[in-house]
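Welcome, and please open the model in your viewer with the selection panel at hand. We will go from stop to stop, with something to select at each one.

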Amino acid sequence: MIPADDSFLRIFDNHREIMLMTEQETGRIIRANSAALKFYGYEEKILTGMTIRDLNTLESVAATDTGRSERADFPDYYRNIQRKADGSFSDVDVFSFHCESGGRKIICSIIFSLSAGKQLNGYKSEPEEILENIFKYSATGKAIVDKNKKFIEVNPAFTEIIGYTEEELRGKTFADITHPDDIGKGLELVGGLEAGKADFGTQEKRYIHKDGHIIWANVSISVIRGPEGKPKHIVAQIHDITDKKNIESLLEEGNNLYKTVVDLTENGIILQSRTGKILTWNKGAEKVFGLKESDAVGINALEGVWDCYYEDGSPYPPEEHPSMITFKTGKPCRGANMLVRNTVNDKFFWITINTSPLFRKGDDLPYAVAVSFTNITEQKKYLDELKRSEENFKLLVNNANEAIYVIQNRKIVFANRMSEKISGYTQSELIGTEITDIVNEFEVDNIYARHLKLLSGEIESDSYTIPIITKDRVRRTLLVNAVKIEYDGIPATLSLAADITARVQIQELSRSRLEIIEDSEGMPVKELIQKTIDEAERITDSRIGFFHFVNEDDRTITSQQWSTKTKEFYYLADSQEMHYPIEEADIRADCAREKKVKIYNEFDRQTNLKGLPKGHTALTRMLTVPVMRGGKAVAILGVGNKGIKYDEYDVTAVSHLADLAWDLTEKKISQEELKISENKLRKLNDEKDRFFSIIAHDLRSPFTAFLGITEIMSENIYNMTLQEIRQYLLRINSEASNLFNLLTNLLEWSMSQRNLKTVRKETINLRDIVKNSIEVMKENSERKEIKIDLSIPDDRTVYIDRSMFETVVRNLISNAIKYTKRGGSIRVFCSGSDNGYSEICVEDSGIGMDEETIQKVFNIAEKTKRKGTEGELSTGLGLPICKDLLEKNGGSISITSETDKGTKIFVTVPSGNEE
């Protein structure tokens, strides 16, 4: 806050420019200098009794409310037409700033006359003519339709958007040019407005251009009503958002990282299309121009919506903007300074702009331009202060947000705190150091040449980027703006440096990712992986690189590929596609073992590290990144022997490239596996044919027995005792039972494999269905004197296909009886429930199975040929059918067994009723 002391008031009263003091709260004029009295033609007593609103003929944001400024001592600005005492009018520019006098907050304004006697009656003031000009010259498409929805009038912007002339549109309706899918919602919005549900409405919809292509537009609609309140006309404003819609999908993929970085930077970053439309807009741009991204995207920057000025105050034509120069030449622009206006807060900012062209492969001209700019308003103020006092300079710049340093006689003689933060060296360490001690050695001559040009006056200012190495050996990129000054009376150069490392790195990473994706289409997996390693090696400036797979067992790794440079110059051991136990692998597998990024910046100081393969080049530094999927490390991408330390950017870059390589590799492997699965399917069909051949053989055995027994009985029936006849009938019954079970299982299997049996789940009582199956098998169990114990709660229910589950339970109990010796026992019970599932166990005291048999019983191709304890035959179909039917119902089956100690079969099925 500037104090209005006696010295200030003397300057105020005698200043040759028009000056007024007003109360901040009321806008009342409390002091006017002689130039103001002469300009307005009022006596001092009359003028100081008026308010600033009495002079202004137009509304002005800054007249009384300048408190919204981010910096109270930075001038507010507005343009107005003011009325003088003689009734004449004058165009004026008003610059205001805060003062304080006698404990009161006041506003001091400096006023510059622009029209010099120009009369207000020279302007067109009629409301109709003003509205006509607004309608005609608006950059937004505008249209008026009658109550029948037919066009009455459209402005040039609308005809340009839709492609039809005004004459061609007359007689048409919005429905005639609207995409068929969007006509309904448009009519719904208009109907609601006509019914009075709202005063206006907006929506996004599609139109069909005259040449047939689709146009996306943001439409604002309002209804004009007649004296009786009935709808008379409909007014529509159309904003073309086609470019925004087209670019949204492109920006969405891979844009999260970009948005994170660019929004964190203080610099403004904008992406602009060839048509001039803004495609993306970060928070740095929002701070300067006042527009949010949602409002800025889609605006055409060439239509003069921005107030931009050269440093000499002349307007900056859109066609001379650095972005348009880059579009025309295909070359970047650096260090263009301009004054721009914040359209929301009506404030001005100085910015320095850099542009970079974006090319598609094969194009000579860029399809878009990336614009970055730095708010140098504060720096400009600092430079003004420096011209008046070097002491003030030191005080102001020491806390600046950019590195500021002074070079004199080839050495740094001043450096602010940000220089210390960026370089890692303390201010005392920087003072007396030659700038080339921290600059990349290849840039030394270039930096001194620029320094000498400034000192000689050959150039007035300079802007360039330089790579530096920080004290902790990390590479950063700075954008430098330099001018000539005098420091302690001796010529020197003042440089302002912004750290643009993040921006440069994200551009480099994005370019690499795009190139890998584009090239991957026709690449074999190995070439794709090698290209990714080569890119990771290049971006991190490493000397070696490798990519390993972690096998599905999570216990072994496969040495998959090495970088081109590693294979050509460094690695001597032949370890490609070799398998290593992960616990015995060298340090390259540490990141997979620990499931986190590993950095070894001082490799020779590490202890307890596993060794490297024979022939491996010596390591000085190494960075390894695991590719994580489902909580497991599935691959490793590593780089090594960088000249300086690996930093966070290296981790980010390698991580993103590793994930990209894995995703692309998985896609390619999936395509290859699809071909393999086709071959496997053919093999399965062959196996099924062989299976049915085996079944046909098993079907013949019972019939052979029937024929033999019945032949014996037919020939000897009169000579046979009742006991002998009973024995033969028991054999026939046994064979018939086996045949029935075989046919039943064969039918179940056939229907399941051909998906002829539909799963119809229902909630059923578990005890009842198991009890029924036991009753069906009761005769078999009683014949072998086997006791079956049922221990399932009465209220336990399961959600499953009844028929399928009956087949499962029947097979399990039948097997238990078959393989349990006479006088044994079987127990069926609930062994537990959790997370919506119930587990049922069928336990027998039978002959059990060894581990090899357990591995085979669920595989139809592995017929076990196990007979029951009393010679009962086995088809080998029962348990495979159980497994298949349970899986179709969302269940599972497992076995625990020991030879001669019995078997436990566990069945898990959904509990209760599922929605």
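How much space lies in the largest cavity? About 120 Å³. Keep in mind on this tour that the model is predicted.

**Stop one: the cavity**

A search of the whole structure finds 6 cavities of 30 Å³ or more, and we begin with the largest cavity. Select Tyr405, Ser419, Ser423, Ile438 and Leu478: of the 13 residues lining the largest cavity, these lie nearest its centre. Now show the elements around them. β18 (403-408), β19 (411-415), α17 (417-423) and β20 (461-469) each supply at least two residues of the lining. Colour α17 on its own, since this helix gives the most to the lining, with 3 residues. By residue type, the lining divides into 11 nonpolar, 2 polar and no charged.

**Stop two: the nonpolar cores**

Next, select Leu766, Val770, Phe805, Leu812, Ile893 and Val909. These are the residues with the most contacts inside the largest nonpolar core, which has 40 residues. Helix α28 (residues 802-818) gives the most to this core, with 8 residues. Centre the view on Leu812 and display what surrounds this side chain: leaving aside residues up to four places away in sequence, Leu812 touches Val842, Leu879, Cys882, Ile893, Ile905 and Val907. Another core, of 29 residues, lies apart from the largest one; Val634, Val654, Ala658 and Trp662 are among its members.

**Stop three: β9, β10 and β11**

Select residues 200-208 for strand β9 and residues 214-225 for strand β10; the two pair in the antiparallel sense over 9 bridges. To see one bridge, pick Glu204, whose partner in β10 is Asn218. The hairpin of β9 and β10 has 5 residues between the strands, and there Gly212 takes a positive phi near 105°. Now add residues 231-240, strand β11, which runs antiparallel to β10 and is joined to it by 9 bridges. Zoom in on Arg225 to find Pro231 of β11 standing opposite. While the strands are on screen, recall that in a regular strand the side chains alternate between the two faces of the sheet.

**Last stop: β2 and β3**

Finally, select residues 18-23 and residues 29-32. These are strands β2 and β3, which run antiparallel and are joined by 3 bridges. Thr22 has Ile29 in β3 as its bridge partner. Which residue takes a positive phi in the hairpin of β2 and β3? Pick Gly27: its phi is near 80°, and the hairpin has 5 residues between the strands.

Notes. Residues are numbered from 1 along each chain as its sequence is written. This is a predicted model: local features need pLDDT of at least 70, side-chain atom pairs count only at pLDDT 80 or more; totals for chains, interfaces and linings use all residues. Side-chain values use heavy atoms; hydrogens and water are left out. Two strands pair if DSSP finds at least two bridges between them. Helices (H or I, at least four residues) and strands (E, at least two) are DSSP runs, numbered from the N terminus. A nonpolar core is a set of buried Ala, Val, Leu, Ile, Met, Phe, Trp, Tyr and Cys residues joined through side-chain atoms within 4.5 Å. Buried means under 20% relative accessible area, exposed over 50%, partly exposed in between (1.4 Å probe, protein chains only). Contact means heavy atoms within 4.5 Å. On a 1 Å grid over the protein atoms alone, a cavity is a set of points where a 1.4 Å probe fits but cannot get out, and a pocket is an open set with protein on both sides within 12 Å along at least five of seven lines; lining residues have an atom within 4 Å of a point. Grid points are joined across faces, edges and corners, and a volume is the space filled by probe spheres set on the points. Ala, Val, Leu, Ile, Met, Phe, Trp, Tyr, Cys and Pro count as nonpolar, Asp, Glu, Lys and Arg as charged, and the others, Gly among them, as polar.
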